[in-house]
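User: I am new to this structure and would like to learn how to read its features one at a time. Could you take me through them slowly?

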Amino acid sequence: MATFALPVPKRPVSCTGVWGWITTIDHKRIGALYGITAFILFVSGGIEALFMRAQLMRPEMALVSPEVFNQLFTMHATTMIFLGVMPLSAAFFNYLVPLQIGARDVAFPRLNAFSYWTFLFGALILKLSWFLGGAPNAGWFGYAPLTGLQANPGVGIDFWVVGLQVLAVASLAASLNFIITIINMRAPGMTLMRMPMFTWMTLVTSFLLILAFPVITIALLELMMDRFYGMNFFVPAAGANPVLWQHLFWIFGHPEVYILILPAMGIVSEILPTFSRKPLFGYPVVVLSGVLIGFMGWMVWSHHMFTVGLGPVANSVFAITTMAIAVPTGVKIFNWIGTMWGGSIRFSTAMLYAIGFIALFIIGGLSGVMHSSAPSDAQQQDTYFIVAHIHYVLFGGAIMAIFGGIYYWFPKMTGKFLNEKLGFWNFIFVFGGTNITFFPMHFLGLDGMPRRIYTYAEGMGWDFWNLVSSVGSFTLAFGVLIFIVNFFYSLIKGKQAGADPWDARTLEWSIPSPPPEYNFAQIPVVHGRDPLWEQKHGGHHTVPVAGGSVGEGHGIHMPQPSYWPIFTSIGLLVGAYGLIFAWPVAVLGGAILMIGIYAWSLEPVNEPDPAHH
Amino acid sequence: MAAAHAEEHPATTTGLDHRKLLIWAFLASDCMFFGALIATYLVYYGKSLVGPYPQDVFDIPVTSVSTFVLLMSSMSMVLSYSALRRGNIKAFRIWLLSTCILGATFIGFQVFEFNDFVQHGLTPRTNLFGSTFFTLTGTHGAHVTLGIIWLLSMFFYSFKKGGITPAKHLELDIAALYWHFVDIVWIVIFTVVYLFGVFEGF
Amino acid sequence: MADTKKSHAGHNDAGAHADRSDFVAAGHTPHVEAHHPTAATYIKVAMTLVAITMVELLVFYVEGLGKGIIPVLLVLSSIKFALVIMFYMHLKYDTRLFSMLFLGGLALAISVYIALLALFYL
């Protein structure tokens, strides 16, 4: 292959130290980077929430001003959705999918690294807004014309618009990567219907991502055209219709919530069988339900707009489609219960979280079905009833599953168990805290308390439950703190874990903990679902269980690290700030981006003579 | 025994190259992208409070010529790829350069047209028509421009020894798919924006 | 879109060996394209595209049809669209997986955006 003598530093070969992490293209390291970064951002979103709960603890408090409160609820939601749940899920996709399908990495390792750095820089653009002129303040859904230049001349919305577009690039790149990886890199014999459920949900989620993100990208682009170049997309004085923003946003926004929950459902579908010592009940039906949810998720978006005045026909249609989507969701729940039924249950922390997910997600789902009736929603919309629903499905749902996943796969990633005793108390405080914080919000909503208000008058009848909810939020925070303690404690002093500490079922447990760089010394040949279980208890001996012996894996060449992914990402970061502040800087960013793309294209996928690591 | 080398073209589950799958998945995504812009244009069609309106500025004969140019660029693109597959490197380069020139001609027409519209009082800030029209066709034009840069890069790279060979046709195939996609988006835009522009607001 | 994910489904678990249609022997990436159109075909397609464009112009300038030209133009441009996809982008001759991927995305875009437009005209 032709090589140019580029006037640039030689491609790195070392995997050690900070430079090793900066240039890594190993999916396991990238997964770890996503996980750590996302968890820190999740905590920052939690702190934003705690400020709000402190402010709302009693009527007419003045802990924060209304202006700051607006920024708090905007940043809390934007952080939790885009910088919390999504990248935490991405951490799992990155780490696990190649291991579950018997591959050595993803289809495009450098693109994978690029996705992470772009995500990090998008997160920086959003979070640094607090310190650079003001955070966005118009809600995570940014309804126009409140986000327009006339109503919102400050720089906060600019950070939001640009930051989210950068994040969209990261998500798009990552999802394309996972689609190709899952379709094209499965071990021999692993047909689609033999894949682990987490990988299946990753596939569905990735399709949702590549099809939904372009829509919000255009909405943001149009808003940016209005704000930066004086166009009229959402300017009522020019005849624009603000409802167009809402439609474009929710055409993205509804698939987005399935993007948030499907990976969590995938995690739960892995944990339950292991700790029930039974295969997932109704695997094909669970797959079909996941696919149906992904498909039907495109048909319900205007249920976020029931009170906008779309008319009875529109409202009826979307009410019916929304009720319909509860069906595949319910089917999954029955299958999870069926998995546990008659099983030999072990109540590890991971299992507690998985069961907690089912309970709390059911509650969130029930309030969701209540919203699906347009007349009911007329009362519930924009009240705390919706806030209750959101948090039951996203915290009681997605976050609980993610915690469960961390307890489940931490031994694989580190070779150590998270402490189960601390884990139990972590779970108790998180589960209890979740319910104490969010259950009262149902009452507050039904009692008429609107969303996004920075305070409320005495005598509205809202005092008691707000107090309870706030106390709950601090309980919840304490639970998260226990987790953080557990994490660091276990990293240092955790009990050793082998390759298969839970007696599990899928391929990732057939290799050492932590896995070697090349994952599998020998690519397994798969004969059915749960291939490891089948081998342990069935008899087929074609999943080589790695012994970690010296010389094993010798001769496996992995692609070398590269610094072009982060370099190219930096182009996006610089360009983004340039767009907001000074166009010459945007040009510079564009130049860095182009140089990065060229250099990346000219760098071979694999060097002809890789050095031994 | 354990020697599975990371090859240039390792075995894949479907037998297809990763990059080919990637471009098709990306184009599926791009359908949603352009669809949103076209939908915005159509939602706001006929809703501008002030002119100029489409009938005031569109010059269908001129745009037909630029449409013809872009269609021909798709033909030259596929002939370039075909020549490469057959091993005719000279023809491959000529057709590839032709594609770039035709693409640049199209952009030239766009620039001319945009200028013409501005002379007639239509800018992106004037009204809804201006905003939606210029953003839609501007985004399309940006895609074309990126495509020209991509193809031109491949043209120059082909002069490097062993840069592009019949065996390495996949890289050109992917660039060609992108180029054709940009052409079919224009087919939609020409019909829905220009030809329908004769109506005052359907 | 739902179809794409089931493209390899339907193998039952009773089988004892790796499914041959899924597994490709190491190092061998088979040619997927069974048939290649000739340069003549490509030029014929180009001529057809030009011809259809000229018909569109003709229709456009015919006064009598009024709003009737809308369906006519949509059909004509759909034919052009299909010709480029099938022949120039080679979908007619390639594996069905590419068609499912791309047409899935296209179908979703058309459905969602028509629904969106309908909501504005209801």
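Analyst: We will go from whole chains to an interface and then to single residues, keeping in mind throughout that this is a predicted model.

User: Let us begin with secondary structure: how many helices and strands does chain A have?

Analyst: A count of helices and strands is a good first look at a chain, and for chain A the count is 17 helices and 0 strands. Chain B comes to 6 helices and 0 strands, and its elements, read from the N terminus, run α-α-α-α-α-α. Chain C has 4 helices and 0 strands, in the order α-α-α-α from the N terminus.

User: Why does chain A count as being as compact as a globular protein of that length?

Analyst: The way to read compactness here is to set the radius of gyration beside what the globule rule gives: chain A has 613 residues, for which the rule gives 25 Å, and its radius of gyration is 24 Å, close to that value, so chain A is as compact as a globular protein of that length. The box filled by its C-alpha atoms, taken along the principal axes, is roughly 70 × 65 × 45 Å. For chain B, the C-alpha trace spans about 75 × 35 × 20 Å along its principal axes.

User: What share of the residues in each chain is buried?

Analyst: A residue is called buried when its relative accessible area is under 20%. By that reading, 64% of the 613 residues of chain A are buried, while the share is 61% for the 202 residues of chain B and 43% for the 122 residues of chain C.

User: And what share of the contacts comes from residues far along the sequence, 24 or more positions apart?

Analyst: Here one takes the contacts with a separation of 6 or more and asks how many of them join residues 24 or more positions apart, which in chain A is 82%. In chain B such pairs account for 82% as well, and in chain C for 62%.

User: How should I read the surface and the charges, and what are the values for chain A?

Analyst: For a surface, one can look at the area and at the atoms that supply it: chain A has an accessible surface of about 20900 Å², with 72% belonging to carbon and sulfur atoms. Chain B exposes about 7000 Å², of which carbon and sulfur atoms supply 67%, and chain C exposes about 6300 Å², of which they supply 68%. For charges, one can look at the numbers and at where the two sets are centred: chain A carries 26 positive and 26 negative side chains, with centres 10 Å apart, whereas chain B carries 11 positive and 12 negative side chains, with centres 14 Å apart.

User: Now to the interface: how many residues of chain C are in contact with chain B, and which three supply the most buried area?

Analyst: An interface can be read by its residues and by its area. In this model 52 residues of chain C are in contact with 53 residues of chain B, and the two chains bury about 4600 Å² between them, 79% of it on carbon and sulfur atoms. On the side of chain C, M89(C), F98(C) and Y113(C) supply 13% of the area buried against chain B, more than any other three residues.

User: Could we take one residue as an example, and ask where W21(A) lies and which residues it touches?

Analyst: To place a residue, one can give its element, its exposure and its neighbours. W21(A) lies in helix α1, residues 17-22 of chain A, and counts as partly exposed at 33% relative accessibility. Leaving aside residues up to four places away in sequence, W21(A) touches R29(A), A32(A), L33(A) and W117(A).

User: Last, which peptide bonds are cis, and which residues that are not glycine have a positive phi?

Analyst: These features are read from backbone angles. The bond from A144(A) to P145(A) is cis, with omega near -5°, and P145(A) sits in the loop between α4 and α5 of chain A; another cis bond joins S513(A) and P514(A), with omega about -10°, and P514(A) is in the loop between α14 and α15. That loop between α14 and α15 also holds N519(A), which has a positive phi of about 65° although it is not a glycine, and which is buried, with a relative accessible area of 1%. R277(A), likewise not a glycine, has a positive phi of about 50°; R277(A) lies in the loop between α7 and α8 and counts as partly exposed at 35% relative accessibility.

Methods: Residues are numbered from 1 along each chain as its sequence is written. Chains are lettered from A and ligands numbered from 1 in the order in which they are written. This is a predicted model: local features need pLDDT of at least 70, side-chain atom pairs count only at pLDDT 80 or more; totals for chains, interfaces and linings use all residues. Side-chain values use heavy atoms; hydrogens and water are left out. Helices (H or I, at least four residues) and strands (E, at least two) are DSSP runs, numbered from the N terminus. The radius of gyration is taken over C-alpha atoms; the globule rule is 2.2 Å times the number of residues to the power 0.38. Buried means under 20% relative accessible area, exposed over 50%, partly exposed in between (1.4 Å probe, protein chains only). Contact means heavy atoms within 4.5 Å. Accessible areas come from the Shrake-Rupley method with a 1.4 Å probe; for residues, only the protein chains shown count as cover. Lys and Arg count as positive and Asp and Glu as negative; His and the chain ends are not counted. The place of a charge is taken as NZ of Lys, CZ of Arg, CG of Asp or CD of Glu. Buried area is the accessible area (1.4 Å probe) that two parts lose on being put together, summed over both.
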